[in-house]
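Here are some exercises to work through with the structure open beside you. Try each task yourself before you read the solution.

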Amino acid sequence: MAPHLTSLVHRVVPSPAGRVHLVEQGDGPLVLLVHGFPEFWYSWRHQLPALAAAGYRAVAVDVRGYGRSGKPADPRAYRMLDLVEDNVAVVRALGEESAVVVGHDWGATIAAHSALLRPDVFRAVGMLSVPYTPPGGPRPSDVFAAMGGDEEFYVSYFQEPGRAEGEIEPDVRGWLAGFYAALSGDTLPAPGAPDPHFVTKGGTLRDRFPTGRLPGWLGEPELDVYAAEFERTGLTGALNRYRSMDQDWADLAAHAGAPLTQPSLFAGGTLDASTTWLSDAIDAFPVTLPGLVSSHLLDGCGHWIQQERPDEVNTLLVDWLRGLPAQ
């Protein structure tokens, strides 16, 4: 294990999921780090020591369905309301009254909704790669089904129970390597190449993944860590988040259009589809994020921002955290 990870403290705390596994480092105001798909606490390995060194209690969780956290069997148990309550349970189990919450990918959406639904607990929110979009609008499954024409959008593909598992689990390591490469700034497909976010009829996502080269941020040892964890746990718990999106749409209808008013941060990559497809959401930040303090697009960066550009992200996070009102 890398030297900067040897001082990490692992623990398991009770939550509505049954348990949440977390990894912490440092002392000071609590900063809760929430990963996305397909990751686990390890995706924050560069941020934990940097935040600890800056005087914060940095805590990275395994979201329910991942790692050593609880994995309910029912896909409906992965709705946003439950994930928010898991985050609240972590804060309480750590003996804290409040926290700053920072998320990446799905974790950014979980962090945003944690701040929206529990402003009494989450005093500030940081979002990496996926900008805030308020609840509301058309039913998600209808939107995704209409995308891509003759091809199928990856979210629709993931929503069918067992289907993506059938593609991924025979070769977890190879699939992860291709998926990470497809969305990384230095290995993503060339302009004009078939889009890896879509599946052809009768095909698989993997058909369009780059092959033969790992991203610069992902060495063989790091890939080994990811592969070993998902080979152990399987992918169903992770994919169940996609299978709960219509439930979220119904659950959160009362919050349609609601802004996040806490101090906020956003950082994304210029080569990330999450920022290009959702550019209108970024343009809407003056309305949807009236407390926005810091917003950045990192040139040439792909989707895995805190791993592709750890030093830059660490600086952005620490500068933003230091500017927040004292607890």
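Before we start, a crossover counts as right-handed if, with the strands pointing away from the viewer, the path from the first strand over the helix to the second runs clockwise. Helices (H or I, at least four residues) and strands (E, at least two) are DSSP runs, numbered from the N terminus. This is a predicted model, where local features need pLDDT of at least 70, side-chain atom pairs count only at pLDDT 80 or more, and totals for chains, interfaces and linings use all residues. Residues are numbered from 1 along each chain as its sequence is written, and side-chain values use heavy atoms, with hydrogens and water left out.

**Exercise 1. Follow the chain from S5 to S6 and work out the handedness of the unit they make with H3.**

Step 1: find strand S5 at residues 99–104, helix H3 at 106–117 and strand S6 at 122–128.
Step 2: look along the strands and trace the path over the helix. S5, H3 and S6 turn out to make a right-handed β-α-β unit.
Step 3: check how the two strands pair (two strands pair if DSSP finds at least two bridges between them). S5 and S6 are parallel, with 6 bridges. For one of the matches, look at Gly103, whose bridge partner in S6 is Met127.

**Exercise 2. Decide whether S5 is enclosed or open to the outside.**

Step 1: get the cut-offs straight: buried means under 20% relative accessible area, exposed over 50%, and partly exposed in between (1.4 Å probe, protein chains only).
Step 2: sort the residues by direction. Ala99, Val101 and Gly103 point one way, while Val100, Val102 and His104 point the other way, and all are buried.
Step 3: conclude. With 6 of the 6 residues buried, S5 is largely enclosed by the rest of the structure.
Step 4: look at the partner S3 (residues 30–34), which runs parallel to S5 and is joined to it by 4 bridges. Here Val31 sits opposite Val100.

**Exercise 3. Put the strands of the open sheet in order.**

Step 1: walk across the 8 strands: S1-S2-S4-S3-S5-S6-S9-S10, with mixed pairing.
Step 2: spot the edges, S1 (9–13) and S10 (292–298), each pairing on one side only.
Step 3: zoom in on S6 and S9 (residues 264–269), a parallel pair with 4 bridges. Gly126 has Leu265 as its bridge partner in S9.

**Exercise 4. Find out which residues Gly55 touches, beyond its neighbours within four places in sequence.**

Step 1: locate Gly55 in the loop between helix H1 (47–53) and S4.
Step 2: check its surface. Gly55 has a relative accessible area of 30%, so it is partly exposed.
Step 3: list the contacts (heavy atoms within 4.5 Å). Gly55 meets Asp27, Gly28 and Pro29.
Step 4: try a distance too. The C-alpha atoms of Gly55 and Gly26 are 6.8 Å apart, though 29 residues separate them along the chain.

**Exercise 5. Judge how compact the protein chain is.**

Step 1: tally the secondary structure, which comes to 15 helices and 10 strands.
Step 2: compare sizes. The radius of gyration (taken over C-alpha atoms) is 18 Å, close to the 20 Å from the globule rule for 327 residues, so the chain is as compact as a globular protein of that length. That rule is 2.2 Å times the number of residues to the power 0.38.
Step 3: add the burial figure: 57% of the 327 residues are buried.
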